Amino acid sequence: MLSRRILCLLLTLFMVPLAQAAETPGERCVDAVAQMEEWLWDEGNKTRLATYKGEVWKTYNLCRTSDAPADAKIKAYKERASFERDRKISIAMLMDGADELSKRHGSDSPELLPLLLHLGLLVADENREEGTAILERALAIQKKHYGESSEAVADGYLHLATVAVVAEDLTLAEQHYRTAIAVAQKACGPECSTLALAIMSLTDVVKRDPLRAAEAEGLERQWVEATPKERRRKQEP
């Protein structure tokens with residue numbers, strides 16, 4: 001009898017730390033995202049799409065209802081949506097993620113930005129006005145949390161310009177690109193990736209008008225000057 005009681009006591013003492021060490025749903029989500037990213041970047045697995053797709057599904061299901069950090073949940077939502085053939089379902093998934101993060105962190109929290117920016121572009125393909133409204137919401141959050149003159153705000157204008165280009169509204173696209181350039185110059189000086197991207201994008205719009213060839217050449221020179229030196233060296237033959 002005594003030996004049985006001792007055995008039960010030892011088992012109880014052994015099981016307690018095991019229970020304490022068990023992962024929470026949020027921790028399991030983070031681990032699954034790390035595994036998913038490992039599959040994504042492993043060259044040997046890129047051809048094994050079905051296996052990777054299974055990783056994505058598992059990660060999404062683990063993260064969706066967990067209390068994981070926002071960045072892990074966002075990766076799970078975005079990757080799952082990218083595998084969905086039906087655009088409407090992808091949009092619904094991302095909206096579900098945005099609503100969940102909004103309830104947890106607040107409707108104007110910067111944690112929402114990665115999903116809102118991705119969602120805005122996706123929705124704009126279906127409905128330009130709705131997509132633009134989502135991107136304008138993201139821009140307002142960027143301005144509130146990072147300031148009017150920040151790279152985040154410049155990036156917000158770049159997203160709005162992308163929607164305008166797809167809609168062939170080149171006048172509005174040019175306006176957004178020029179705003180992005182002005183903001184990026186204040187935010188990071190004469191040389192940074194965001195500024196270079198904005199100048200390059202504006203150049204593509206200007207090039208569509210043969211009468212503005214000289215202006216396009218000038219913008220191309222500005223793009224070279226704005227491109228960070230490390231990237232410039234990599235691009236040189």
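This passage describes the helices, the nonpolar cores and selected loop residues of a predicted model.

The chain contains 12 helices and zero strands. Read along the sequence, its pattern is accordingly one of α elements alone, α-α-α-α-α-α-α-α-α-α-α-α. Of the 237 residues in the chain, 38% are buried. Among contacts with a separation of 6 or more, 57% join residues that lie 24 or more positions apart.

In soluble globular proteins, nonpolar side chains tend to be buried together. In the present model, the largest nonpolar core comprises 50 residues, and L94, L116, Y177 and L195 have the most contacts inside it. Two or more residues are given to this core by each of α4 (70-82), α5 (87-105), α6 (113-124), α7 (128-146), α8 (151-166), α9 (170-188), α10 (193-206) and α11 (213-226). The largest share, nine residues, is supplied by α8. Another core, of six residues, lies apart from this one and includes C29, V33, A68 and A72. With residues up to four places away in sequence set aside, L94 touches Y77, K78, A81, L115, H118, L119 and L122.

Helix α4 consists of 13 residues and spans 18 Å from its first C-alpha to its last, close to the 18 Å expected at 1.5 Å a residue. Its buried residues include A70, A72, K73, I74 and A76. Y77, E79, R80 and A81 of α4 are likewise buried. Of these, Y77 and A81 are also among the residues touched by L94.

Helix α6 has 12 residues, and the distance from its first C-alpha to its last is 16 Å, close to the 16 Å expected at 1.5 Å a residue. This helix is mostly covered, with nine of its 12 residues buried. The buried positions are L113, L115, L116, L117, L119, G120, L122, V123 and A124, and the elements that cover them include α4, α5, α7 and α8. One of the buried residues, L116, is also named among those with the most contacts inside the largest core.

Two packed helices are described by the angle between their axes and the distance between the axes. The axes of α6 and α8 come within 10 Å and cross at roughly 10 degrees. As angles under 35 degrees count as roughly parallel, α6 and α8 are therefore roughly parallel to each other. Their contact involves L117, L121 and A124 on the α6 side, and D155, H159, T162 and V163 on the α8 side.

Several residues in the loops were also examined. T65 is located in the loop between α3 (49-64) and α4. With a relative accessible area of 68%, T65 is exposed. The C-alpha atoms of T65 and G26 are separated by 8.7 Å, although the two residues are 39 residues apart along the chain.

E84 occupies the loop between α4 and α5. The side chain of E84 reaches the backbone nitrogen of D86 at 3.3 Å. Beyond its neighbours within four places in sequence, E84 is in contact with I89, S90 and M93.

The loop between α8 and α9 contains E168. E168 has a positive phi of about 65 degrees, although it is not a glycine. This residue is exposed, and its relative accessible area is 53%.

Terms used. Residues are numbered from 1 along each chain as its sequence is written. This is a predicted model: local features need pLDDT of at least 70, side-chain atom pairs count only at pLDDT 80 or more; totals for chains, interfaces and linings use all residues. Side-chain values use heavy atoms; hydrogens and water are left out. Helices (H or I, at least four residues) and strands (E, at least two) are DSSP runs, numbered from the N terminus. A polar contact is a pair of N or O atoms within 3.5 Å; within protein, one must be able to donate a hydrogen and the other to accept it, and residues adjacent in sequence count only if both atoms are side-chain atoms. Contact means heavy atoms within 4.5 Å. The expected span of a helix is 1.5 Å times one less than its number of residues. Buried means under 20% relative accessible area, exposed over 50%, partly exposed in between (1.4 Å probe, protein chains only). A nonpolar core is a set of buried Ala, Val, Leu, Ile, Met, Phe, Trp, Tyr and Cys residues joined through side-chain atoms within 4.5 Å. Axes are lines fitted to C-alpha atoms, for helices over the stretch in contact, and angles run from 0 to 180 degrees between N-to-C directions. Angles under 35 degrees count as roughly parallel, over 145 as roughly antiparallel, 65 to 115 as roughly perpendicular and the rest as oblique.
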